[in-house]
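This report examines one protein chain and describes selected parts of its structure in turn. Please keep the sequence and the three-dimensional view at hand while reading.

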Amino acid sequence: GPGLSKTKYDRPGRPDPPEITRVSKDEMTVVWNPPEYDGGKSITGYILEKKEKRSLRWVPVTKTAIPERRKKVTDLIPGYEYQFRVKAENEIGIGEPSFPSRPAIAKDPIEPPGPPINLKVVDSTKTSITLGWGKPLYDGGAPIIGYVVEMRPKTEKAGPNEGWKRCNVAAQVIHTEFTVTSLDEKELYEFRVSAQNQVG
């Protein structure tokens, strides 16, 4: 009768490209988000595929769908460069693959990343300041996993490493922008930002 519409179910949409979060000489940890569109049915799992960068062939990482949204991929060949892509599955079927992740070379990370570049004040009010910066030119051989923002009141006497207080206490800042709040408008402050990879 009128007003009755039959919902059409579909396979899930294409997820965003996965991210490689940890790298060693024979393992990489890959994480991803669900697609925006689930096809009207719950997503039951994900198919993660890997490709050696020079190869054309995508190979499934596991024989069955992965229920979680992260996977430690083992048995990689040291020195080879890998990319990953992911497909979502619901009871209707398997959706289109994501675009590939950024490639990463299977090698043990060497050292902490270089400093972020172009630190600047993007916006400010009487009691808050928004800082922006660019990714370091050198990531230390492993993906940047976040940033630490620190501040201190500006004084003449302080040594270069004295009096710094971490602004993002709970977690790493993932974006290259951060707002510091609850500042005293009569006080002058200095800020510094450092990047982190899995080494430091």
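His175 touches Trp133 and Tyr147, leaving aside residues up to four places away in sequence. The model in which these contacts appear is a predicted one. His175 sits in the loop between β11 (165–166) and β12 (177–180). Its relative accessible area is 60%, and because exposed means over 50%, His175 is classed as exposed. His175 and Lys135 are 40 residues apart in sequence, yet the distance between their C-alpha atoms is 9.6 Å.

Another loop, between β9 (129–134) and β10 (146–153), holds Tyr138. This tyrosine has a relative accessible area of 40% and is therefore partly exposed. Together with Ile110 and Leu137, Tyr138 forms a nonpolar patch on the surface. The accessible area of the three residues together is about 370 Å².

The interior may be considered next. The largest nonpolar core has 16 residues, and those that touch the most other members are Met28, Trp32, Leu48 and Phe84. Two or more residues come from each of the elements β1 (19–23), β2 (28–31), β3 (45–52) and β6 (81–89). Which of these elements gives the most to this core? It is β6, with 4 residues. Apart from this core lies another, made of 14 residues, including Leu131, Val149, Val173 and Leu183.

The domain assignment divides the protein chain into domain 1 (19–106) and domain 2 (120–196). The centres of domain 1 and domain 2, taken over C-alpha atoms, are separated by 34 Å.

Charged side chains form a further group of features. The whole structure contains 8 salt bridges. The table presents some of these pairs, with the N to O distance for each.

| Salt bridge | N to O distance |
|---|---|
| Glu91 and Lys41 | 3.5 Å |
| Arg54 and Glu52 | 3.5 Å |
| Arg152 and Glu190 | 3.0 Å |

The pair of Glu91 and Lys41, joined by a salt bridge, links distant parts of the chain: Glu91 is in the loop between β6 and β7 (104–105), Lys41 is in the loop between β2 and β3, and their positions lie 50 residues apart in the count. Glu91 is exposed, at 62% relative accessibility. Arg54, the partner of Glu52, is likewise classed as exposed, with 67% relative accessibility.

Arg152 and Glu190 also meet in a salt bridge. This pair links distant parts of the chain, with Arg152 in strand β10 and Glu190 in strand β13, 38 residues apart. Is Arg152 buried or exposed? Its relative accessibility is 8%, so Arg152 counts as buried. Glu190 is partly exposed, with a relative accessible area of 23%. In addition, a network of salt bridges links Glu49, Arg85 and Lys87.

The backbone also deserves attention. Most residues other than glycine have a negative phi. Asn118 is not a glycine, but its phi is positive, at about 55°. Asn118 lies in strand β8 (residues 117–124) and is exposed, with 56% relative accessibility. Ser182, again not a glycine, has a positive phi of about 55°. Ser182 belongs to the loop between β12 and β13 (189–196). The relative accessible area of Ser182 is 68%, and this residue therefore counts as exposed.

Conventions. Residues are numbered from 1 along each chain as its sequence is written. This is a predicted model: local features need pLDDT of at least 70, side-chain atom pairs count only at pLDDT 80 or more; totals for chains, interfaces and linings use all residues. Side-chain values use heavy atoms; hydrogens and water are left out. Patches are made of residues with over 30% relative accessible area and no salt bridge: like charges are joined within 9 Å, nonpolar side chains (Val, Leu, Ile, Met, Phe, Trp, Tyr) within 5 Å. Accessible areas come from the Shrake-Rupley method with a 1.4 Å probe; for residues, only the protein chains shown count as cover. A salt bridge is a side-chain nitrogen of Lys or Arg within 4 Å of a carboxyl oxygen of Asp or Glu. Buried means under 20% relative accessible area, exposed over 50%, partly exposed in between (1.4 Å probe, protein chains only). Contact means heavy atoms within 4.5 Å. A nonpolar core is a set of buried Ala, Val, Leu, Ile, Met, Phe, Trp, Tyr and Cys residues joined through side-chain atoms within 4.5 Å. Domain bounds come from an automatic or database domain assignment.
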